[in-house]
Amino acid sequence: MKKMIGILILAVSMIILGACGQNEKDEQNGGSVPQEVKVDIKVPEKVDKGQKVKLDAYVTQGKEAVKDADEVKYEVWMDGMKDDSQLIDAKNEKNGHYTAQYKFDMEGVYSVQVHVTARQMHTMPKTQVTVGTGEAAQTQEEEHHHDGEEGHEHAVDIHLMSPKVIEAGKSVKLMAHIMKGDEMLENAHVRFEIWKENSEKHEYVETKAEGPGQYTAEYTFKESGKYTVKIHVENDEGLHDHTEETVAVQ
């Protein structure tokens, strides 16, 4: 009889422990993992030359409109001329919409990409706009090459995420967010090349993958001033791309 009671107590204990473990797992996977921040970018597919256009990005997380994004910027460039892209700060309309105005002065096919940093996430969807007939895009690109400036069309989209305030002598976390097309780029070799303005000394910092398309590293800027962070991206499929961003250190 005592043996049966002992077995029953053990069985009940295992059920209770199993339920507790499942609850903890549910809390970890469901309660603490934030939902993905999504962006619906609304831009006309075709516009006339010289037309001023409203750029609108609607940012959500689950069913909630994100009204407190840390940073939203639009990047606009003509096909084949990414290095000449223009960055425009978006206006927070306080209802999940982030807007800007842009005037397309030349005919061609343009890419419009919105960079959204919100709730410790970053996303950067892209769309295309045809201005006029779109035929001028090829002419502009050819002129760009003939001027001796070989246009570099990036194979991937690279964005650097860093703290808004960086203090000299304090370690900070730098994150490169990388997409290829509409997919996060995984299994890449990413490193930062960092140097201070007017300095010949360059430091290379290896990153580690922290999530799909996210590569991070800790770095300490020793002095205040302006620094360039060049992000190098490579993989086993022959990809080799890079971009540069400037950060200010207090």
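In the predicted model, four strands form an open sheet in the order 16-15-19-20, with antiparallel pairing. The edges of this sheet are strand 16 and strand 20 (residues 240-249), each of which pairs on one side only. Averaged over neighbouring strands and with direction ignored, the turn of one strand against the next is 25°. Within the sheet, strand 15 and strand 19 (residues 225-234) run antiparallel and are joined by eight bridges, and one residue pair that can be located here is tryptophan 195, whose bridge partner in strand 19 is threonine 228.

Histidine 202 lies in the loop that leads from strand 15 (189-196) to strand 16 (203-206). With a relative accessible area of 32%, histidine 202 is classed as partly exposed, because this value falls between the 20% under which a residue counts as buried and the 50% over which a residue counts as exposed. Residues up to four places away in sequence being left out, histidine 202 touches Glu193, Ile194 and Trp195; with glutamate 193 there is also a polar contact between the side chains, at 2.7 Å. Threonine 228, the bridge partner of tryptophan 195, is separated from histidine 202 by 26 residues in sequence, while the C-alpha atoms of histidine 202 and threonine 228 are 9.6 Å apart.

A second set of pairings involves strand 3 (residues 52-61), which is mostly covered, seven of its 10 residues being buried. Strand 3 pairs in the antiparallel sense with strand 1 (residues 37-42) over six bridges, and in this pairing lysine 42 stands opposite aspartate 56. Strand 3 also pairs with strand 8 (residues 97-103), again in the antiparallel sense and over seven bridges; here the bridge partner of alanine 57 is tyrosine 98. Strand 4 (residues 64-65) runs antiparallel to strand 3 and is joined to it by two bridges, with threonine 60 opposite alanine 65. Strand 3 and strand 4 form a hairpin with two residues between them, and glycine 62 in the turn adopts a positive phi of about 65°.

The largest nonpolar core comprises 30 residues, and those with the most contacts inside it are Leu55, Tyr74, Val76, Phe104, Val112 and Val114. Two or more residues each are given to this core by strand 1, strand 3, strand 5 (71-78), strand 8, strand 9 (108-118) and strand 11 (126-131), and the largest share, five residues, comes from strand 9. For valine 76, the contacts that remain once neighbours within four places in sequence are set aside are with Leu55, Ser85, Gln86, Ile88, Tyr102, Phe104, Tyr110, Ser111 and Val112. Apart from this core lies another, of 25 residues, which includes Leu185, Ala188, Val205 and Tyr215.

As regards confidence, the protein averages a pLDDT of 83, and 79% of the residues score at least 70. Over residues 24-31, however, the pLDDT is below 50, and this stretch has three contacts in the model beyond near neighbours in sequence. A further stretch, residues 144-152, likewise stays under 50 in pLDDT, and for these residues the model has 11 contacts beyond four places in sequence.

Methods
Residues are numbered from 1 along each chain as its sequence is written. This is a predicted model: local features need pLDDT of at least 70, side-chain atom pairs count only at pLDDT 80 or more; totals for chains, interfaces and linings use all residues. Side-chain values use heavy atoms; hydrogens and water are left out. pLDDT is the predictor's confidence in each residue, from 0 to 100. Contact means heavy atoms within 4.5 Å. Buried means under 20% relative accessible area, exposed over 50%, partly exposed in between (1.4 Å probe, protein chains only). A polar contact is a pair of N or O atoms within 3.5 Å; within protein, one must be able to donate a hydrogen and the other to accept it, and residues adjacent in sequence count only if both atoms are side-chain atoms. Two strands pair if DSSP finds at least two bridges between them. A nonpolar core is a set of buried Ala, Val, Leu, Ile, Met, Phe, Trp, Tyr and Cys residues joined through side-chain atoms within 4.5 Å. Axes are lines fitted to C-alpha atoms, for helices over the stretch in contact, and angles run from 0 to 180 degrees between N-to-C directions.
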